[in-house]
Amino acid sequence: SMDGVLPGLPATLGAPVVVFVVQTSRANYGALVALFAGGGTMTKTGDSSKSITFEVMGVAYEPLSAEADSLLAATFQVRFPSVYWRDASTVTSTAASLASSVQVTGLLPGITGIVGDATVRVKGQAAGVQVTDSGGSWFTYTPALPAGSYLRFESDTGKAFVTTSDTWSGGTDVSGAVDFGGPRGVFELSPVLAAGNPLSRSARLTVTATTFVGATIQVRGRSSYLL
């Protein structure tokens, strides 16, 4: 036995639940419930570029006063199943040149949450590629990737494709040649501080290979935030 826990154990965040109280007329209560009931997407106050999906867990109301029964305080218990606020826009990093081992920094600047649905694309010529995130997750592709071909790994599905043109869709499915894992069993991008500065956060990848000739790497995704 030991005190505490083993360090480095993977953790997950529970879906936050918040309560919204809305003042409404009794006549409009039904429409307000319909607006919330189906769930959907909320944008962040003061920053419409960030949004989060929500679902309603409970609804209740009470009159604001005995004298004003036509006015209600409607209470909505709302859960955020996806946990993180997300950028509305998708960004694509500048292609970074690869050598036998290189760190690619400054990806998805500003993130404070995990990104589990980014796409990583490696342009050949390369072989024996391994991409490792700062949080310990990784994926590998051991076959040779010819010059002018692109390997695209989609972290949300774990699938990979090879294309012979500069595109982010389609291609030949090569998922069987890809392996991936990490503390939580998937490949994901984690925030890391630049030089210990909490105001400068981004994702960082370490890329290794047995062969790199004119190869590059790019990441496409949406940043995520805890608040």
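## Notebook: a look around Leu 189

I started at Leu 189, which sits in the loop between E16 and strand E17 (192–194). My labels for helices (H or I, at least four residues) and strands (E, at least two) are DSSP runs, numbered from the N terminus.

Before going on, I noted that this is a predicted model, where local features need pLDDT of at least 70, side-chain atom pairs count only at pLDDT 80 or more, and totals for chains, interfaces and linings use all residues. Residues are numbered from 1 along each chain as its sequence is written, and side-chain values use heavy atoms, with hydrogens and water left out.

**Entry 1: Leu 189**

Is Leu 189 buried or exposed? I found Leu 189 buried, because its relative accessible area is 0%. Here buried means under 20% relative accessible area, exposed over 50%, and partly exposed in between (1.4 Å probe, protein chains only).

Next I looked up its contacts, meaning heavy atoms within 4.5 Å. Leaving aside neighbours within four places in sequence, Leu 189 is in contact with Leu 108, Gly 113, Ile 114, Val 115, Ala 118, Asp 133, Ala 203, Leu 205 and Val 219. I checked Ile 114 further: it is 75 residues from Leu 189 along the chain, yet their C-alpha atoms are separated by 5.8 Å.

**Entry 2: strand E18 and its partners**

I then moved to strand E18 (residues 197–208), which pairs with strand E8 (residues 101–107) in the antiparallel sense over 5 bridges. Two strands count as paired if DSSP finds at least two bridges between them. Val 102 has Val 207 in E18 as its bridge partner.

E11 is also joined to E18, by 4 bridges and running antiparallel; there, Gln 130 is matched with Thr 208. E17 and E18 run antiparallel too, with 3 bridges, and Ala 194 stands opposite Asn 197 in E18. What lies between E17 and E18? I found a hairpin with 2 residues between the strands, and Ala 195 in the turn has a positive phi of about 55°.

**Entry 3: from E11 to E16**

I followed strand E11 (residues 129–133) to strand E12 (residues 138–141): 4 bridges join them, and they run antiparallel. Val 129 faces Tyr 141 across this pair. E11 and E12 form a hairpin with 4 residues between them, and Gly 136 in the turn has a positive phi of about 105°.

E12 also pairs with strand E16 (residues 178–181), antiparallel over 4 bridges. In that pair I found Phe 139 bridged to Phe 180.

**Entry 4: Ser 51**

For another spot I chose Ser 51, in strand E3 (residues 47–63). Ser 51 counts as buried because its relative accessible area is 16%. Not counting residues up to four places away in sequence, Ser 51 touches Thr 41, Met 42, Thr 43, Tyr 84, Trp 85 and Arg 86.

**Entry 5: stepping back**

How many helices and strands does the protein have? I counted 1 helix and 21 strands. Along its principal axes, the C-alpha trace spans about 80 × 50 × 35 Å.

Of the 227 residues, 35% count as buried. I also looked at contacts with a separation of 6 or more: residues 24 or more positions apart account for 68% of them.
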